[in-house]
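Work through the exercises below with the model open. Try each task before reading its solution.

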Amino acid sequence: MLDLLTPYLPALAGGLLIGLAAGGFYLLDGRLAGISGIARSALSGTPHSRWRWAFLAGLVAAGGMHLLMGGGPSVMLVALRWEVLAVAGLVVGLGAGIGSGCTSGHGICGLSRLSPRSLAAVAIFMTTASVTVYVVRHVLAGGA
């Protein structure tokens, strides 16, 4: 049984840590850990934005620690050029602005607060992701 779960244990551990961090952040400071809102506030220079910069630096540092501990970048990231990643990042940022939040904000923080807007957003995220995967893997790849 453990052999079946082994590939999923890192994802489970990561999910638990994200949930604990988001819940702890909300309980201790009364703020939501939505990345797009934190990034937008940090970049706009709102007063008291030092904690936002520290939060964002922690995200980057966590990725760096992963690499230092022997982890590698996603295979998909290695296969893409930086220009494609930059455009994709801008499009995701635009979508987060239009959707009044990102997947972490809606999916982790919004759903846990039973927000109807977040439920609708997550349903749209998941449906769009499912359709995209189907089209890329089965339509564009010739049914492979």
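Residue classes come first: Ala, Val, Leu, Ile, Met, Phe, Trp, Tyr, Cys and Pro count as nonpolar, Asp, Glu, Lys and Arg as charged, and the others, Gly among them, as polar. The model is predicted: local features need pLDDT of at least 70, side-chain atom pairs count only at pLDDT 80 or more, and totals for chains, interfaces and linings use all residues. Residues are numbered from 1 along each chain as its sequence is written, and side-chain values use heavy atoms, with hydrogens and water left out.

**Exercise 1. Pockets**

Find which helix gives the most to the lining of the second largest pocket, and classify the lining residues.

Step 1. Fix the term. On a 1 Å grid over the protein atoms alone, a pocket is an open set of points where a 1.4 Å probe fits, with protein on both sides within 12 Å along at least five of seven lines; lining residues have an atom within 4 Å of a point. Helices are DSSP runs (H or I, at least four residues), numbered from the N terminus.

Step 2. Take the volume. The second largest pocket has about 380 Å³; a volume is the space filled by probe spheres set on the grid points, which are joined across faces, edges and corners.

Step 3. List the lining. There are 13 residues, and Thr 103, Ile 124, Phe 125, Thr 128 and Ala 129 lie nearest the centre.

Step 4. Assign the helices. H6 and H8 (116–140) each supply at least two lining residues. H8 gives the most, with seven.

Step 5. Classify. Seven lining residues are nonpolar, six are polar and none is charged.

Now repeat the steps for the largest pocket. Its volume is about 560 Å³. Of its 18 lining residues, Gly 14, Leu 17, Ile 18, Leu 59 and Ala 62 are closest to the centre. H2 (9–29), H4 (50–68) and H7 (103–112) each supply at least two. H2 has the largest share, seven residues. The classes are 13 nonpolar, five polar and no charged.

**Exercise 2. Cysteines**

Explain why Cys 102 and the closest cysteine sulfur form no bond.

Step 1. Recall the chemistry. A disulfide is a covalent bond between the sulfur atoms of two cysteines. The cut-off for the pair of sulfur atoms is within 2.5 Å.

Step 2. Check the distance. The closest cysteine sulfur to that of Cys 102 is in Cys 109, 8.3 Å away, so it is too far for a bond. The structure holds zero disulfides.

Step 3. Check exposure. Buried means under 20% relative accessible area, exposed over 50%, partly exposed in between (1.4 Å probe, protein chains only). Cys 102 is buried at 14%. Cys 109 is buried at 4%.

**Exercise 3. Positive phi**

Place Ser 100 and Leu 114, then state whether each is buried, partly exposed or exposed.

Step 1. Set the background. Most residues other than glycine have a negative phi.

Step 2. Take Ser 100. Its phi is positive, near 55°. Ser 100 sits in the loop between H6 and H7. It is partly exposed, at 41%.

Step 3. Take Leu 114. Its phi is positive too, near 60°. Leu 114 sits in the loop between H7 and H8. It is exposed, at 73%.

Step 4. Add a glycine. Gly 30 follows H2 and has a positive phi, near 70°.
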